[in-house]
Amino acid sequence: MFAYIIRRIAYAIPILIGVNILTFYLFFVVNSPDDMARLHLGMKHVTPEAIEKWKASHGYDKPLLLNKQAEGVEQLTDTIFFEKSVRLFAFDFGYSDDGRDISYDISQRMLPSLAIAIPALIIGLMVNITFAMLMAFFRGTYVDVSGVILCVVLMSISGMFYIIGGQYLLAKVFRLMPISGFAAGIDTIKFIILPVLIGVVSGIGSGSRWYRTFFLEEAGKDYIRTARAKGLSESLVLFRHILRNALIPIVTGVVVILPLLFMGSLLTESFFSIPGLGSYTIDAINKQDFAVVRAMVFLGTVLYIVGLILVDITYTIVDPRVRLS
Amino acid sequence: MIMPVILWTDALVFLLTLVVVVFVFYARSKPHIRAPWQRVFRGRVAAASAVVLLAFVLVGLLDSLHFRLPLEGNGHNGEIHYSVDVLSVFDVLVGPLRSQEEKTYSAPFATHLFAKESVEHADGSKTREFPPLAHAGRHLQKSSTVKHVDILQRSLASLFEALLTGALMLWLLSGVLARRAARSTRDMLREILLQRTVIPWRTILATLTLLLLLVFLSINLASVYHVLGTDKVGQDVYYLSLKSIRTGLLIGTLTTLVMLPFAIFMGIVAGYARGWIDDVVQYIYTTLNSIPHVLLIAASILMLQVYIANHPELFETTVERSDIRLLFLCIILGITSWTGLCRLLRGESLKLREAEYIQAAVSFGVAHTRIITRHILPNVMHIVLITVVLDFSGLVLAEAVLSYVGVGVDPTMNSWGNMINGARLEMAREPVVWWSLLSAFLFMFTLVLAANLFSDAVRDAFDPRTRER
Amino acid sequence: METMKQPLLRLENVSVQLGHGDNAIRPVDGVSLTIQRGETFALLGESGCGKSMTALSILRLLPQPVGRITAGNVWLGDEELTALAESDMRRIRGRRISMIFQEPMTSLNPVLTVGDQIAEVLKQHHRMKGRVAADRVLELLDAVGIPDARRRAGEYPHQLSGGMKQRIMIAIALAGEPDLLIADEPTTALDVTIQAQVLELLQKLQQETRMAIMLITHDLGIVAGMADRVAIMYAGQLVEEASRDRFFSNAQHPYSRKLFESLPDVRKRDQALATIPGTVPSLNQEFSGCRFAERCAAGWDYCATHVPAWHAAGEDQATRCHRADPALDKPAISARVDGDKDHAARQLPASGNLLDVTDLKVHFPIHKGVFRHVTGHVFAVDGVSLQIPRGSTLALVGESGCGKTTVGKGILQLIRPTAGSVRFDDIELTQLAGEALRKRRSDFQFIFQDPYSSMNPRMMVGDIVEEGMAAQGIGNNKIERRARVDQLFEQVGLSAEHTQRYPHEFSGGQRQRICIARALAVDPQLVICDEPTSALDVSVQAQILNLLKELQNTLGLSYLFITHNLSVVSYLADRVAVMYLGRIVEEGPVARVLEDPQHPYTRALLSAVPDIEPDSGREVIRLAGDLPSPSSPPTGCHFHPRCPQAMPQCAQAYPDNFGAPGHPVRCFLYS
């Protein structure tokens, strides 16, 4: 097991290198630093001197991949690629275009993101499993059929509609909670209720329909027939035999996205003005701040890979077939 | 003479249409392809969804026939100059909807603007009042009809026209079916009305009649009112929503078209060849998958923006520019979404290469290319199809989100995402400007719901696992 | 009140329907039977005849939501089960009637320990908990012969072998102390030596607990060894019921007789096996005559128009056949109406070996650790040598996992051997590669076990057969090839118009014929048949065996026949090689090996095969434990840990060949 995890981590390194080369290519080869400087400076200041100055002040005045003027190792390290990409491996994200420390910003914005994402995930999981089990329990009946149709309708609605509709109805018409914003301390609760609620509701359709297929798949297995032949009650069959097995794909499906919760939700955070990493990303995109976007790409990749490794570990915990073979 | 304009996306749309038509003809001779499709269309929900989808597709196709009108008063030496406005056949068909612009917001069916303006009267006094609209409700001033009565009259007329056309279609259909089955038209009519036919014609006709009702309502009402109001710059929201259909469909279909060759080729080859080829393919899709998709799209679109900004000479019209951006968006969405299908196909091919019929082919010395094309490909096509239809609705919804984030289609392009993006800030106004948002959501919801229902039926018909249930 | 006379279970006219509307089928149609306390009642029938549905309907466990009981009563003592509420049914299931299923691999919950799964029944029906329940679980595990019960109780199903899982299923069934145990093909998924263990266990438990057993099976041999009474099912109905002795000495229904006649046997070597023409009628129709009439050699026109009633045919016997109706005038049975013809005289085999395999090894590496380095090997085939003379048949016999299929694929280079030589017609196949190998492939062909998965479902069968010819460049153009395909279809007993259909339109037997036609299309000299009949019913198996034998006689083919079925071997093969854990332990002429087996494993294997001669007085040699893993075979003789005659030297070294000339045996007993 330990060897397996080591191998997975080792396997992650070429992936991270690949991601870095890809983003580097997107940012610096297709768009040369000159292009970037022109874009940032706007049309009026575009003189060669101004471009050089901008490049020097933002660290883009070096060669892309290989510095022929430098000596020894510096040939490789004194380049844009090394400065901007390789340092990411040490989680040294550098400074954003407006001069802020990206690592500091990320650490500050992580908590608000999690304050929304974790409650939404946990409540959503419970709600979805409950609905899915209800539909599976009444499989083939009117309850199940109408439940599935309701799910399809719910998942056909745009996520933005849930947000805008929720804000309008609950916050503006009924004035139950603030429309948007965020505060630290005990006030947090006031601000996160609505985003969490909307996060849960917008996920019900696809979530419970998806989980329902897990339950139905298990319900058709031979060992469920064995359980019935033992004389167990239908609820015992559902909770003890079906749920136990259906939880394996559900739990591993949750674990893989667990690390990505740090990244926050783009839509929710931006609509509710939550100072999390999601809105940070959107701001960076809108300001065309490549340094921040690149940092977020790297962070997201790392978290995704962590998720994959966590899934493998989770399997060995929840599934005896994997644990013991 | 008009100048036809074939945008990149238009070309691809027509290529796709051609592929679908060819496939339909091919599938007619193959019972194992025909049978599941027949199962799909036997379901009432699926049949109704298909009709709705086809209506969307029709609008999208009409909106993909582009051209430019010649400018009047052309230059000297017989040279014709063309307008920079690129129009589509759809624009011509809906005529006044496009041109009847107001100053700014107006509510659905309103006769006056939404905001007060200073109006100078003939006597020199100034008051703040709601000025009347330039193009809506003008006919009311000439006659003495009240607005509500007028709307009701026109609606009833539309309903009558729709029912009449529906009845005509029913009669025609029973005639055609009766001739094919060599029975009397009366018999066939009864079969259809009692829903005894194998294909649920009654449901299909009912859906068609409903759609016709919408068409007649548009003809009768939208020509004299802004049925869904106008937006900030006074454009008719109904027109904008209709124009956005093409964008939504393109995102949903072209993305798939772009990614399919990669996904199919790499997935099957990786699973069939195994070894280092498999390792490379797995590495590629794990790498692509591990980058947060929104960020990859954002990075690529930002890159494209810089490129366009630096090379303005390549694009003659704004439409061409936004078209390139749309195509690029499809490509980049395709790159981020092929990995899932590729992984599925790799797994299936790994399984299939051990299947006894493949082993049998190997033991006859059948060539690898033939094994892949004759044995593996046909047996994974159901996975491809299910993925394509399931992805469609997700992509339509994603367009709105991406446009909101600012990395979707070009801001000048008509799309539901841009409509939502432009209108959401107005939710803070008192009273609320709700119609732009609601129509965008409504159109999107209809398309996605129809697609979801249809794809469910397709999956049930093609997935061997669900078929047993 | 229970009297001695009252039967334990009584089914009265039970009918089951699956599905609704026009496509609804009635897999069980008016079945009546009674089971007495303590007896073993066998329900015998071929696949799809409705025997499992009958069993499931007793417990009301029909597949939901499609299946339901449409008519009839099920009496358990004084209780009518079809009228019980679902909650009352639960005190019957697992308590009064228990059931074990065909697939022990999938019938246990993978995420619960086996101890928990047994204790569940104890809690449900006997309110046992904690220590008491745990102790009872251990007792039950002991009772079903699980060694080291305390450790095993804490294990999960995937850690156990197939035979052990079926023992666990039996322990679960016993936990409720039922009056009736329904065993639905309990040993079909198991190897023959394990099958012998499980059947013996069931007999032992029955003697101890006096429970009745309803044994559902397709195997006449198992019925002969186990049953007190037998009922034969065909197309949803019982066609005959009798005591075991009456049934085996004097079966009445034509269908029952055909079943006996179609069994392959050494005594029938020179004749064609009896077959039943046609297929089982589909069960979605109303029948106006006898369901077997179309396929019956003893029927006459009356049978097609009159539904036969249930007639007594002597003591302890009854049958559903017009021939047993004393009130009818019956025409004489015309002899051999179905046109079974005896085989043409076998061509004398030409001299010399067609295939000569020496020391063939196929090892699969096992990767472990950070860098996936090879830490061991699965020794699937570990030094196999065999020869096949032209025009003869060598049978390769062994239990699942012994490597016999890998030998076949290794010879054909479908799996590349690790070492050894395969000389085919004096060409070394292991040295061939690429185009050279591709061109030779027409000389040797493979027929797969499962006719359902060995044809591409999306190609027409004519194209499937033609594909191999095209790849081998046989025939100058498509027209010539199509003509040859038509001719091949006739040759295997199908017609040319069948070529334009898809595989799913054919029955299992027809599909296997098409697979044979496909192999023949490239004019092979050697055909490797990998259990070609194990997925088929006995009567269909007879058709395929007849065809294979006829083809050998007319075309002079050589067969390597891979199987676990020894009666097929005795009927078809010239020589037989017995394989155990990657190696051949004994090889010789069929008559000598089967009648006078030398190796202890061969003896055990032969003794474990259920025999249709009741009370033949043969002692089953019981083998301890399961087949060891081929990745870590035991030291010395691979068989010694299970061998009843093992000696100290057996653990030291692998025995050389100590047999007589022409009959090698690798066992120290003969050193």
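**Exercises on two interfaces of a predicted model**

The area buried between chain C and chain B is about 2000 Å², and carbon and sulfur atoms give 54% of that area. The model is a predicted one.

**Exercise 1.** Describe the contact between chain C and chain B, and state which elements of chain C take part in it.

*Solution.*
1. Begin with the residues: 25 of chain C are in contact with 20 of chain B.
2. Next, examine the charged pairs. The count for these two chains is one salt bridge. It joins B:Arg370 to C:Glu467, whose closest N and O atoms are 3.1 Å apart; this distance lies within the 4 Å cut-off for a salt bridge.
3. Polar contacts link 15 residue pairs across this interface.
4. On the side of chain C, the elements that give two or more residues are β18 (444–447), α14 (461–472) and α16 (508–520). The largest share, five residues, comes from α14(C).
5. Finally, sort the residues on this side by type: 10 are nonpolar, seven polar and eight charged.

**Exercise 2.** Describe the contact between chain B and chain A in the same manner.

*Solution.*
1. Chain B contributes 48 residues to the contact and chain A contributes 45.
2. The two chains bury about 4100 Å² between them, with 73% of it on carbon and sulfur atoms.
3. One salt bridge is counted here: the side chains of A:Arg209 and B:Asp456 meet at 2.6 Å, N to O.
4. Five residue pairs are in polar contact across this interface.
5. Among the elements of chain B that give two or more residues are α11 (275–290) and α15 (368–405). The most, 12 residues, come from α12(B).
6. By type, the side of chain B that touches chain A has 31 nonpolar, 10 polar and seven charged residues.

Note on methods. Residues are numbered from 1 along each chain as its sequence is written. Chains are lettered from A and ligands numbered from 1 in the order in which they are written. This is a predicted model: local features need pLDDT of at least 70, side-chain atom pairs count only at pLDDT 80 or more; totals for chains, interfaces and linings use all residues. Side-chain values use heavy atoms; hydrogens and water are left out. Contact means heavy atoms within 4.5 Å. Buried area is the accessible area (1.4 Å probe) that two parts lose on being put together, summed over both. A polar contact is a pair of N or O atoms within 3.5 Å; within protein, one must be able to donate a hydrogen and the other to accept it, and residues adjacent in sequence count only if both atoms are side-chain atoms. Helices (H or I, at least four residues) and strands (E, at least two) are DSSP runs, numbered from the N terminus. Ala, Val, Leu, Ile, Met, Phe, Trp, Tyr, Cys and Pro count as nonpolar, Asp, Glu, Lys and Arg as charged, and the others, Gly among them, as polar.
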